[in-house]
2 protein chains.
Amino acid sequence: MSTASLDRRARRRQQTIDEVLDTAVEIMTEQGAGGLSLGEVARRMGIRPPSLYVYFPSKHAIYDALFARGARDLFDTMQEATHGFTASEDMAQTLLTAGSAMVRWCVANPAYSQLLFWRPVPGFVPSQEAYAPAVELVVSSQRALTDLQEQGLLRTDIPVDQVFRDWTIVIAGITSQQLSNAPDETFEDGRFTSALPDLVEMFCRMYGTRSPAATARPTST
Amino acid sequence: MSTASLDRRARRRQQTIDEVLDTAVEIMTEQGAGGLSLGEVARRMGIRPPSLYVYFPSKHAIYDALFARGARDLFDTMQEATHGFTASEDMAQTLLTAGSAMVRWCVANPAYSQLLFWRPVPGFVPSQEAYAPAVELVVSSQRALTDLQEQGLLRTDIPVDQVFRDWTIVIAGITSQQLSNAPDETFEDGRFTSALPDLVEMFCRMYGTRSPAATARPTST
DNA sequence: GTCTATATGACGATAGAC
DNA sequence: GTCTATCGTCATATAGAC
């Protein structure tokens, strides 16, 4: 058996694994994250349910792979979106960029969002490996806030943890409201996603230091 | 058959109905709102599953009754908490009172909260009757904001709809974060519920007019 | 109103032929 | 690596005796 054939086989296997996960996401997007069934995955792939066990040892393993995939994708998306922006002189712009990227991804990936941020599957706990990118994202975000402090844009008399907590609440609130009440709207035309600029303003007014935007008043949308 | 015996029978029937719903809430609290099963309800009540069909025609009917019950209870709780507070001269106090009552109820009733605000049950759509108290609550809240405007405490250059939208985002964010990340903490010691005063401050700084609190700066918690 | 018995089907998962 | 066959369990729901 040549190494070339091994590579081909491994590649083909990975393709099938990806197809399983893609199909699972498709179903979870339609039925909710808790509505995944292996029979439905197999049916859509044109195979029989037992064949899935060649690629995943259990249903929980599929959830775990999806969690890992979602966390990695979100982390990469956020990294790309905020590249170089920690050097910005405008806190509102920095937060709006990061917040937009985050909320946009969540709205575009409701199945992953439910799996990552809610608890839709009774008994499922992600493995440490799957969870790792999510931890990285938290650390990276807190670091970005610390950077803002060191630039003098963010108040230093408040712990970063507190600012971060409030920031996650705002982002979670927008995402939760949008996905729960109007899941079919996009980020661009969402009735709740459109509140992001206002809430960033609110946030900067509270926690920002000298940003000019902190004194401006928002207009009606 | 006397009317007295009819009353007794009706009362006993209502007791059993309540016991079914209480048991269902218990299960949903432990397993998540989507994890309800009639077999488990019957087991905990010490009866057989078919007996449940004497009181409810289907599982969806149980969900609907729970939705109605939750919406009514939340509405009543909010009515009681905000009684007379629309006459307050302090917008921050008014919002903190209402927000505390709302978040406290949600944290204390995670099963109802999931059913009312998320979409944990694929295919379940609450009936108009069950949904009615939820609509009442929205109307009542918007009315309270309008009252604040008429008292000159809330900016009049911004549509009430927009203020209400942002307010629901803040409340949903706190609740969502608390229930998803630390569901076993109470309202009093919650790591996210404790953010409510800060966020109310933030809100008043943005949308309030002349409240003294709008110029004060929050301290570290 | 409660039960037994049952219909009907989905589910996750395993064994073993090919 | 895919299949058929099947296990065991659970689910919602119905029929009919008591």
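This passage goes through the contacts between chains A and B, the two DNA strands and one residue of chain A.

The model is a predicted one, so local features need pLDDT of at least 70 and side-chain atom pairs count only at pLDDT 80 or more, while totals for chains, interfaces and linings use all residues. Residues are numbered from 1 along each chain as its sequence is written, chains are lettered from A and ligands numbered from 1 in the order in which they are written, and side-chain values use heavy atoms, with hydrogens and water left out.

To begin with the protein–protein interface, 41 residues of chain B touch 41 residues of chain A, contact being heavy atoms within 4.5 Å. Interface size is often quoted as the accessible area lost when the parts come together. Here the buried area (accessible area, 1.4 Å probe, that two parts lose on being put together, summed over both) comes to about 3,500 Å², and carbon and sulfur atoms give 58% of that. On the chain B side, B:Ile169, B:Met202 and B:Met206 lose the most area to chain A, together 19% of what that side buries.

As for polar links, there are 14 residue pairs in polar contact between chain B and chain A, both residues at pLDDT 80 or more. A polar contact is a pair of N or O atoms within 3.5 Å; within protein, one must be able to donate a hydrogen and the other to accept it, and residues adjacent in sequence count only if both atoms are side-chain atoms. The two chains also share 2 salt bridges (a side-chain nitrogen of Lys or Arg within 4 Å of a carboxyl oxygen of Asp or Glu). A:Arg165 pairs with B:Asp198 in a salt bridge, with 3.3 Å between the closest N and O atoms. The elements giving two or more residues to the chain B side of this interface are helix H7 (160-181) and helix H8 (196-207) of chain B; helices (H or I, at least four residues) are DSSP runs, numbered from the N terminus. H7(B) brings the largest share, 13 residues. Sorted by class, that side has 18 nonpolar, 13 polar and 10 charged residues, where Ala, Val, Leu, Ile, Met, Phe, Trp, Tyr, Cys and Pro count as nonpolar, Asp, Glu, Lys and Arg as charged, and the others, Gly among them, as polar.

Turning to the DNA, strand C is surrounded by 15 residues, the closest being A:Ser37, A:Tyr53, A:Lys59, B:Ser51 and B:Tyr55; a residue is near a strand if one of its heavy atoms lies within 4 Å of it. Sugar and phosphate make up 73% of the strand C atoms that come within 4 Å of the protein. Phosphate oxygens of strand C sit 2.4 Å from a side-chain N or O atom of B:Tyr55, 2.7 Å from one of B:Ser51 and 2.9 Å from a polar backbone atom of A:Lys59.

DNA strand D also has 15 residues around it, with A:Ser51, A:Tyr55, B:Ser37, B:Tyr53 and B:Lys59 coming nearest. For strand D, sugar and phosphate account for 74% of the atoms within 4 Å of the protein. A side-chain N or O atom of B:Tyr53 is 2.8 Å from a phosphate oxygen of strand D, and backbone N or O atoms of B:Lys59 and A:Arg48 lie 2.9 Å and 3.0 Å from such an oxygen.

Finally, A:Thr16 is located in helix H1 (residues 3-31) of chain A. A:Thr16 counts as buried because its relative accessibility is 12%, and buried means under 20% relative accessible area (exposed is over 50%, partly exposed in between; 1.4 Å probe, protein chains only). Beyond its neighbours within four places in sequence, A:Thr16 contacts A:Met45 and A:Tyr55.
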